Amino acid sequence: MTGVIALFDLKASHARVAADVRRRIDAVFQHGRFILGPEVEELEERLAARAGVRHAVTVSSGTDALVASLMALDIGPGDIVFVPSFTFAATAEAVVLAGARPRFVDVDQDDWTIDPLRLEQAIAETAREADGRPRAIIPVDLFGLPANYDAINAIAKEQGLAVIADAAQSFGGAWASLPVGSLATATATSFYPTKPLGCYGDGGAILTNDDDLSKKLRSVRVHGSGAGQYDNVRIGLNARFDTVQAAILLARLEIFDDELRRRATIAARYDNLLPAGMSRQRQTADRRSARALYTVRVTSRDKVRHRLQEAGIETGVYYPRPLPEQPAYRAYAGGESDFPVSAALAQEVLSLPAHAYLSDAAVEIVCRCLAEASGKGARAV
Ligand SMILES: *Cc1c(COP(=O)(O)O)cnc(C)c1O
């Protein structure tokens, strides 16, 4: 038996908006402006308003949102960009694609996002080595939880660095009253289907308050265009967004707040029902996670995961290796033992089903099975 309690449920989510999606994409088929059409413009206005910023620039993926941000900030060869060692490959990949060098920094052992103390140390070490210019920090809002922007923005300001938020998993989250999108120089998000706000293919966006940067981003996404389409003023990308996907997102935005609320409720339920002593990503009162993934730490993770799978419960492992240990990134890794928190997390993290269409009963089943499989006591329900 597999997949009875699924990690994601895109079908249930689609069923709620199916008629609206159909109507909106039919309208696109009618007008025929398939790339950067009117729905893209409407979506960008909605996204910017939601994030409390002046500009949203949609692009073809979350990865391109990161690459375009680096390019628009003129970050490239000779430049160093600080990234966490516990993240999806795209965070560091974007830096290399832009021609710059990623410098990995371990994450905080409680909230699992880039550790501000280690970040300061890494910046200081880089200054001593003097073989590259530190230019930017890319904090990652892991599993939907905004990174420690208070500390990171203070460090960035002092050091004259840009902050590019990797908010691929956190659109819809917030820090106090500030929505994700307004916490950094530029915020890159993803509309990959399983992200909190997902479309039906690839997509992404950059959110910013910087007028000049938004103009450059619009140029970068269309081959570095200038005043006219065949006026090329910089090296850019083909990173345009499809109108059909924008139409789908306009429909999906109608249920987005409702889905966020339900995911928060599910997460709170897990908080109460997890086996005693099982640790999870720490949340704080001032940060609101978009709850992309509900993730716990378990020893003998693979054994526990297998037991859950046998019980029909799907889980995920994000991520099985710290990024600096991946073959493609070893050249940027520095010392072997520089990322102890990431190394431990890679052995122990387990993401549980926590989507908006999960039943209350399913959370209980998962927690009971987790208690049994991990040998920890179940809480009284
Ligand atoms: C998904 C993801 C990305 C990349 O987004 P795509 O839309 O898949 O290109 C980047 N960073 C993180 C942390 C992600 O989870």
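1. The ligand site is a convenient place to begin: the ligand is surrounded by 15 residues, and the closest among them are Thr-63, Asp-166, Gln-169, Ser-190 and Lys-195. The model is a predicted one, and the distances and angles in the points below should be read with that in mind.

2. Three side chains from that closest group make polar approaches to the ligand that can be described atom by atom. A polar side-chain atom of Asp-166 is placed 2.7 Å from a nitrogen atom of the ligand, whereas for Gln-169 the partner of the polar side-chain atom, again at 2.7 Å, is an oxygen atom of the ligand. In the side chain of Ser-190, an N or O atom lies 2.6 Å from an oxygen atom of the ligand.

3. Thr-63, listed with the closest residues around the ligand, also takes part in a helix contact, as one of the α3 residues that meet α4. The axes of helix α3 (residues 62–72) and helix α4 (residues 90–97) come within 9 Å and cross at roughly 40°, which makes α3 oblique to α4. The crossing in which α3 passes α4 is right-handed. On the α3 side the contact is formed by Thr-63, Leu-66, Val-67 and Leu-70, and on the α4 side by Ala-90, Thr-91, Glu-93, Ala-94, Val-95 and Leu-97; sorted by class, this contact of α3 with α4 has seven nonpolar, two polar and one charged residues.

4. Helix α11 (residues 360–374) packs against α9 at an angle of about 135°, with the two axes 9 Å apart, and α9 and α11 are therefore oblique to each other. Here too the handedness is defined, since α9 passes α11 in a right-handed crossing. The residues that make the contact are Lys-303, Val-304, Arg-307 and Leu-308 of α9, together with Val-366, Cys-369, Leu-370, Glu-372, Ala-373 and Ser-374 of α11. By class, the contact of α9 with α11 has six nonpolar, one polar and three charged residues.

5. The helix α11 has a further partner in helix α8 (residues 243–273), and α8 and α11 pack at an angle of about 35° with their axes 10 Å apart. The crossing of α8 past α11 is right-handed. From α8, the residues Arg-262, Ile-266, Arg-269, Tyr-270 and Leu-273 meet Asp-360, Val-363, Glu-364, Val-366 and Cys-367 of α11, and the contact of α8 with α11 has six nonpolar, no polar and four charged residues. Val-366 of α11 deserves a separate mention, as it is listed in the contact with α8 and also in the contact with α9.

6. Some backbone details merit a reviewer's attention, given that most residues other than glycine have a negative phi and most peptide bonds are trans. Ala-176, although not a glycine, has a positive phi of about 50°, and this residue is found in the loop between β6 (174–175) and β7 (178–179). Arg-291 likewise has a positive phi, near 55°, and is placed in the loop between β11 (287–288) and β12 (294–297).

7. The peptide bond that joins Tyr-318 and Tyr-319 is cis, with omega about 15°. Tyr-319 belongs to the loop between α9 (301–310) and α10 (340–348); the helix α9 that borders this loop is the one described above as packing with α11.

Key
Residues are numbered from 1 along each chain as its sequence is written. This is a predicted model: local features need pLDDT of at least 70, side-chain atom pairs count only at pLDDT 80 or more; totals for chains, interfaces and linings use all residues. Side-chain values use heavy atoms; hydrogens and water are left out. Axes are lines fitted to C-alpha atoms, for helices over the stretch in contact, and angles run from 0 to 180 degrees between N-to-C directions. Helices (H or I, at least four residues) and strands (E, at least two) are DSSP runs, numbered from the N terminus. Angles under 35 degrees count as roughly parallel, over 145 as roughly antiparallel, 65 to 115 as roughly perpendicular and the rest as oblique. A crossing is left-handed if the near helix is turned anticlockwise from the far one by less than a right angle, and right-handed if clockwise. Contact means heavy atoms within 4.5 Å. Ala, Val, Leu, Ile, Met, Phe, Trp, Tyr, Cys and Pro count as nonpolar, Asp, Glu, Lys and Arg as charged, and the others, Gly among them, as polar. A residue is near a molecule or strand if one of its heavy atoms lies within 4 Å of it. A polar contact is a pair of N or O atoms within 3.5 Å; within protein, one must be able to donate a hydrogen and the other to accept it, and residues adjacent in sequence count only if both atoms are side-chain atoms.
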